[in-house]
Amino acid sequence: MSSTPFWPQGEKIDSLVELAFDLQWAWNHSSDEIWGKIDPQLWSLTQNPWVVLQTASQTRLRELAVDPDFQNRLQTVLAYRRNIYESPTWFGGTHAKSGLTSVAYFSMEYALSEALPIYSGGLGNVAGDQLKSASDLGVPVIGIGLLYQRGYFRQVLDEQGGQHALYPYNDPTQLPIMPVRNDAGEWVRVRVPFAGSFLQLRAWQARVGRVKLYLLDSNDPANPPAERGVTSELYGGGQELRLQQEIALGIGGWRLIEQLGMRPEVCHLNEGHAAFAVLERAASFRARTGQPFDISLTATRAGNLFTTHTPVPAGFDSFPPDLIRRYLDQYAQQSLGIPIEQLLPLGQFESDQFNMAYLAIRGSGAINGVSKLHGEVSRAIFRPLFARWPKSEIPVKHVTNGVHVATWDAVHSDTLWTKVCGRGRWRGTQENLTEKFRLATDEQIWEMRGSMRAQFVRNVRNRLVPQFQSMGVGSAAEDMVKAILDPNSLTLGFARRFATYKRPNLLLHDPDRLARILLNPNRPVQLVVAGKAHPNDQWGQAMIRDWIRFVRRPEIRSHVVFLCDYDLDLAAILVQGVDVWINTPRRPWEACGTSGMKVLVNGALNLSELDGWWAEAYSPEVGWAIGDGAEHDGSWDTREAEQLYRILEDEIVPSFYDRDWSGIPAQWVAKVRESMARLTPQFSANRSVREYTESYYLPAAESYLRRAAGNGAHAEQIAGWRKLLSEKWHEIRFAKIDVESNDATHHFRLHVYLDDIPSDAVRVELFADGENDSPPLVIPMTSCKGLPGVTGGYCYQADVSADRPATHFTPRVVPHHPDVPVPLEDSHILWA
């Protein structure tokens with residue numbers, strides 16, 4: 001983008017513009033000094049380089065253009081940036097010769113920076129951190145999202161602790177984004193079907209390092225007034241607005257990709273909101289090849305990945321069929337070549353409601369949850385879609401989320417990591433980081449934590465001044481905050497959305513006991529709490545008022561703080577400063593949770609329910625856990641509150657204050673070291689993006705290219721195979737079954753009649769449930785011969801170990817095709 005007319009012209013200004021529009025500054029802070037030099041106050045308030053640059057006067061910019069110190073610093077930053085982009089990447093060095101050239105990543109929200117507030121919570125955090133890590137690793141990802149006129153609400157608390165929601169306007173001219181223009185310089189717009197008409201969407205672009213994020217916006221004067229508000233607010237409005245937004249994201253997003261001339265092999269759906277993209281991708285294939293919709297979907301679904309973040313069935317978006325008909329009837333006929341009544345079943349099951357998760361499943365070649373436990377939960381949720389299949393074989397795997405470490409580390413922790421592990425450590429394979437960091441000394445780690453805690457107290461006090469003033473304290477606020485928190489006290493942190501399943505008030509189960517823990521004169525503890533409740537969630541807002549009442553108890557005012565307006569900036573302050581991060585969701589409602597991962601790099605320890613990521617991360621060497629690893633109802637809360645208090649009183653507080661003769665709590669520091677060394681790399685977005693790439697993107701690209709070749713010839717063959725099974729499956733039957741056993745083996749023999757189904761279109765197997773947490777046994781049976789005198793009759797046999805009774809094994813027939821995931825794409829099954 002060229003510099004604007006009111007600025008002095010020249011290469012130096014253009015370089016600043018280029019820097020301001022590259023969101024790499026959100027995690028690479030080498031340019032912070034430059035923006036602070038231009039306007040220190042505005043930079044401190046906004047952390048938005050584009051706002052700083054736009055606001056600067058010509059006079060100021062001319063001064064800096066001839067300031068040798070500023071120019072030297074600018075050239076250093078530009079050289080450092082060039083070096084990063086010109087350096088080899090993990091993907092380029094490992095997978096450059098693969099068939100994967102592009103991944104289209106769809107998400108309803110992205111948390112990249114407060115300068116681009118288009119996120120709400122965990123889903124956006126995951127999306128933003130994955131784009132950043134894709135940039136670091138050189139994975140060829142493009143992001144697709146929506147540009148909201150108002151992002152998620154900002155929180156203000158009144159004197160009684162009542163929450164008020166404010167919705168500042170997202171002025172696109174103040175955001176680090178620019179219009180997408182075609183070769184003729186025209187602003188790119190896409191048209192999407194809209195209740196028999198069309199909605200026009202403007203395209204914007206944000207640069208996230210090597211990754212481009214495209215955002216669609218309905219606030220176009222060419223649209224009627226009502227339709228300009230489709231992208232008015234993230235997760236706002238009712239069911240109809242949500243459907244409109246998801247049409248804009250899924251159909252509009254894929255149309256933008258096509259309009260820009262891009263042909264991604266892989267489409268990654270970050271939740272079901274974007275599931276309409278699978279329809280539009282099939283529609284594009286149909287228009288290009290002339291194949292009918294069913295074959296087009298068969299071809300394209302192989303390249304689609306659906307990631308679910310939802311731990312309960314009610315969490316998926318679903319819409320009444322009449323609403324789908326109104327918005328997509330014409331689209332189904334014209335773009336897909338099918339009647340709307342043929343489209344509706346793709347999103348339906350046991351109800352006429354159109355479920356976006358079901359559409360995503362039936363349009364994807366792979367599904368994953370976002371933690372090991374969430375994978376298990378998701379298999380249970382989706383099991384009804386795969387009737388008679390064992391839960392262990394429901395086709396949902398998992399990739400545990402991770403965080404973009406460089407976004408969340410503090411200056412002090414980054415310095416220590418660099419000293420013991422070197423630069424560029426989060427941009428490669430992270431090999432040997434665990435072993436290297438274990439060499440950090442007790443003194444280094446404890447000094448780092450002391451410095452970070454002191455900075456944390458300063459940051460909290462600075463934020464409290466305007467908060468107290470807004471709550472009616474007035475000019476006394478600056479003096480009041482000086483008595484709040486102590487940089488040498490054990491500091492606990494708790495911050496999240498205030499929802500009942502997250503149990504944000506479990507710590508308040510016995511307020512007097514919590515007060516005694518905090519007020520121990522010899523071993524004082526302090527607590528910082530933050531979080532928003534949804535504007536319509538009265539229970540969540542009531543829990544915030546409970547905390548405000550507790551915080552205002554005179555004897556503990558200096559020990560407990562509730563910080564208002566939890567956002568990315570406040571999250572960074574918290575995860576960089578606290579000693580212990582507390583998380584108390586009701587298992588298994590936390591699909592993964594990433595807030596506790598963000599403290600790892602900074603040397604804080606986790607005290608959490610055995611849910612989400614912590615269920616697979618926890619061991620006594622790296623933190624503390626509450627719960628028994630099972631699911632319970634609300635009556636269990638009293639027991640877990642007791643457990644929480646006991647761990648604080650008997651383990652955490654003594655460990656923090658038990659110092660050796662050098663003044664270091666050796667036991668505590670040993671835990672910190674192991675948590676940092678072992679868990680930081682393991683729960684990083686670097687690891688999760690590499691896992692997505694190697695376990696999903698590369699195989700999906702290969703499968704899609706194979707099916708799409710020759711205008712979908714292979715997809716046509718697969719569709720024919722599925723059609724044959726659908727028509728003829730009812731004819732399959734078992735006949736004679738015989739088992740001969742000795743001390744070593746069971747010998748199974750059986751007769752199966754397949755009738756008109758070729759024997760290579762199915763597989764005959766023996767199945768036994770797993771024992772003692774082991775996976776099930778699935779043993780292919782081999783064909784002995786065709787049965788004489790009949791058509792389609794076969795003999796099968798198999799030998800299995802006699803370690804288990806023969807009655808544990810059940811013969812079955814399942815679909816088989818070397819290029820089709822079963823049961824995801826064909827869920828027929830017949831048990832003997």
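Where in the chain is the place of Arg 388? The legends below take this up along with other close-ups of a predicted model.

**Figure 1. Arg 388, a residue with a positive phi.** Here we look into the loop that runs between helix 16 (372-382) and strand 14 (397-398), which is the place of Arg 388. Its phi is near 75 degrees, positive although the residue is not a glycine. For background, most residues other than glycine have a negative phi.

**Figure 2. Two cis peptide bonds, each leading into a proline.** Arg 587 and Pro 588 are joined by a cis peptide bond whose omega is near 5 degrees. Pro 588 itself sits in the loop between strand 18 (580-583) and helix 25 (595-598). In the companion panel, the cis bond runs from Val 822 to Pro 823, with omega about 15 degrees. Look for Pro 823 in the loop that links strand 27 (810-815) with strand 28 (830-831). As a reminder, most peptide bonds are trans.

**Figure 3. Helix 12 against helix 29.** The axes of helix 12 (residues 293-301) and helix 29 (residues 685-728) come within 8 Å, crossing at roughly 120 degrees. The two helices are therefore oblique to each other, and the crossing is right-handed. Helix 12 brings Ile 295, Thr 298, Ala 299, Thr 300 and Arg 301 to the contact. Among the residues that helix 29 offers in return are Tyr 704, Arg 707, Gly 712, Ala 715 and Glu 716. Sorted by class, this contact holds six nonpolar, three polar and four charged residues.

**Figure 4. Helix 20 crossing helix 28.** Between helix 20 (residues 442-470) and helix 28 (residues 666-682), the axes come within 10 Å and cross at roughly 85 degrees. That angle makes the pair roughly perpendicular. On the helix 20 side, the contact is made by Asp 442, Ile 445, Trp 446 and Met 448. Facing them on helix 28 are Ala 666, Trp 668, Val 669, Val 672, Arg 673 and Met 676. By class, eight residues of this contact are nonpolar, two are charged and none is polar.

**Figure 5. The largest cavity and its lining.** Searching the whole structure turns up six cavities of 30 Å³ or more. The largest holds about 90 Å³ of space. Its lining includes Leu 19, Asp 22, Trp 25, Trp 35, Val 77, Tyr 80 and Arg 81. Helix 6 (residues 68-86) gives the largest share of that lining, three residues. By class, the lining residues are five nonpolar, four polar and two charged.

Notes. Residues are numbered from 1 along each chain as its sequence is written. This is a predicted model: local features need pLDDT of at least 70, side-chain atom pairs count only at pLDDT 80 or more; totals for chains, interfaces and linings use all residues. Side-chain values use heavy atoms; hydrogens and water are left out. On a 1 Å grid over the protein atoms alone, a cavity is a set of points where a 1.4 Å probe fits but cannot get out, and a pocket is an open set with protein on both sides within 12 Å along at least five of seven lines; lining residues have an atom within 4 Å of a point. Grid points are joined across faces, edges and corners, and a volume is the space filled by probe spheres set on the points. Helices (H or I, at least four residues) and strands (E, at least two) are DSSP runs, numbered from the N terminus. Ala, Val, Leu, Ile, Met, Phe, Trp, Tyr, Cys and Pro count as nonpolar, Asp, Glu, Lys and Arg as charged, and the others, Gly among them, as polar. Axes are lines fitted to C-alpha atoms, for helices over the stretch in contact, and angles run from 0 to 180 degrees between N-to-C directions. Angles under 35 degrees count as roughly parallel, over 145 as roughly antiparallel, 65 to 115 as roughly perpendicular and the rest as oblique. A crossing is left-handed if the near helix is turned anticlockwise from the far one by less than a right angle, and right-handed if clockwise. Contact means heavy atoms within 4.5 Å.
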